[in-house]
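Subject: Structure handover

Hello,

Here is the structure you asked to take over. Please open it and keep it beside you while you read the notes below.

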Amino acid sequence: MKIAAVSDLHMDVNGDYAVFDTLGRLLASLKADMLLVAGDISECCHTTISWIKDFESAAKIPVYYVPGNHDLWRCGDLGNDEIYSMYSSDPRCLCGKSIPLGRSWTVVGDAGWYDYTLSPLESENVDFDSMTYGGRTWQDKLRNSWSGDNKGRTDMMLDSLDRVLSLSDGKNVIAVTHMLVNDDFIVRGRGRMWDYFDAFLGSKEFGKLFMRHCVKYSISGHVHFRKEAFHDGTRFICPCLGYSSEWGLFDEKHGDDVFFQLSSSLKLIEI
């Protein structure tokens, strides 16, 4: 079975590019049997849920996803808990679910959240709760009420994932989160401001949880980099498409080539 993984499609920001059709053609050429999307599909829950449904219908393969922080931003009169509940009720969303893949594999997932442990400043007396540094504010602070209790929300996500993983013990697990689960994909040395905002990229506690449950594959996004790492039997994958304005950073020659960018970001797992 071939399982494709991608993250951070940002369909609204990348609206000038044929991401929908190009991704479909790419999956067909790879003969993928399933697609996993690790969040940040759009900035509106209605758009995200509709996009996933429409793409699954067009691609003719199962598509599962977790919401990213952008997918969870307030939309109209809906609050963040209502939005999360909408996602949890969507059969294509992995939040709180375990999707069996034959007898020996399963896929689990949730959005994840952040508790500041990915910042190198975490041991210092730094005000992370303000989510503001150098005149810049992390947008979740303005658009997601969860940011009033980031550590509490992280604990809730950990409990949810632990429960689902406990039910999956004995199977090989693919775990999907939007938030990073360790510091493998953090870029260090960019200055104190970036060190500060690294606090909002995820939590090391998710990585510890996955290692405790012997997760085989961990798929995450959020950081807009494309990279893989391997630790103690677990393959960590960060398959971000990211913003079109960033594509030239990956390959200047192919900065506007959506097929090249999707081919570079998408990762394939064969089980």
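How many of the five residues of strand 1 are buried? Four of them are, so to speak of strand 1 as mostly covered is fair. Please keep in mind that this is a predicted model.

**The four-strand sheet**

Strand 1 belongs to an open sheet of four strands with the order 3-2-1-12 and mixed pairing. At the edges are strand 3 and strand 12 (267–270), each of which pairs on one side only. Direction ignored, neighbouring strands of this sheet are turned by 25° against each other on average.

Strand 1 (residues 2–6) pairs with strand 2 in the parallel sense, over four bridges. You can follow this pairing along the strands: I3 stands opposite M34 in strand 2, A4 stands opposite L35, and V6 has V37 as its bridge partner. Between the two strands the chain passes through helix 1, and this β-α-β crossover is right-handed.

With strand 12, strand 1 also has four bridges, but here the pairing is antiparallel. A5 stands opposite K267 in that strand.

Which residues of strand 2 are buried on its two faces? M34 and L36 are buried on one side, and L35 and V37 are buried on the other, which leaves both faces covered. Strand 2 also pairs with strand 3, in the parallel sense and over three bridges. The bridge partner of V37 in strand 3 is Y65. Strand 2, helix 2 and strand 3 together make a β-α-β unit, and that unit is right-handed.

**Helix 2**

Helix 2 runs over residues 45–59. Do its ends lie where a helix of this length would put them, or what distance separates them? At 1.5 Å a residue, its 15 residues should span 21 Å, and the end C-alpha atoms are 21 Å apart, so the two values agree.

The buried residues of helix 2 are C45, T48, W51, I52, F55 and E56. They cover an arc of only 130° around the axis, and therefore lie on the same side of helix 2. What do these buried residues pack against? Their partners are helix 1 (19–30), strand 2 (34–37), strand 3 (63–65) and helix 3 (80–89).

Helix 2 packs on the four-strand sheet, where it touches strand 2 and strand 3. The direction of helix 2 makes about 155° with that of strand 3. Just after the helix comes K60, which takes a positive phi of about 60°.

**L266**

Where is L266 found? It sits in the loop between helix 9 (258–265) and strand 12. L266 has a relative accessible area of 7%; the cut-off for buried is under 20%, so L266 counts as buried.

Leaving aside neighbours within four places in sequence, L266 is in contact with A4, A5, V6, L23, L26, L27 and L30. The C-alpha atom of L266 is also separated by 5.5 Å from that of P239, although the two residues are 27 residues apart along the chain.

**The six-strand sheet**

There is also an open sheet of six strands, in the order 4-5-8-9-11-10 and with mixed pairing. Which strands are at its edges? They are strand 4 (98–101) and strand 10 (226–231), and each pairs on one side only. From one strand to the next, the twist averages 15°.

Within this sheet, strand 8 (residues 172–177) and strand 9 (residues 217–219) run parallel and are joined by three bridges. One pair to look up is A175, whose bridge partner in strand 9 is S218. Helix 5 (residues 150–167) packs on the sheet and touches strand 4, strand 5 (105–110) and strand 8. The direction of helix 5 makes about 165° with that of strand 5.

Regards

Note on methods
Residues are numbered from 1 along each chain as its sequence is written. This is a predicted model: local features need pLDDT of at least 70, side-chain atom pairs count only at pLDDT 80 or more; totals for chains, interfaces and linings use all residues. Side-chain values use heavy atoms; hydrogens and water are left out. The expected span of a helix is 1.5 Å times one less than its number of residues. Buried means under 20% relative accessible area, exposed over 50%, partly exposed in between (1.4 Å probe, protein chains only). The arc is that of the directions from the helix axis to the C-beta atoms. Contact means heavy atoms within 4.5 Å. Two strands pair if DSSP finds at least two bridges between them. A crossover is right-handed if, with the strands pointing away from the viewer, the path from the first strand over the helix to the second runs clockwise. Axes are lines fitted to C-alpha atoms, for helices over the stretch in contact, and angles run from 0 to 180 degrees between N-to-C directions.
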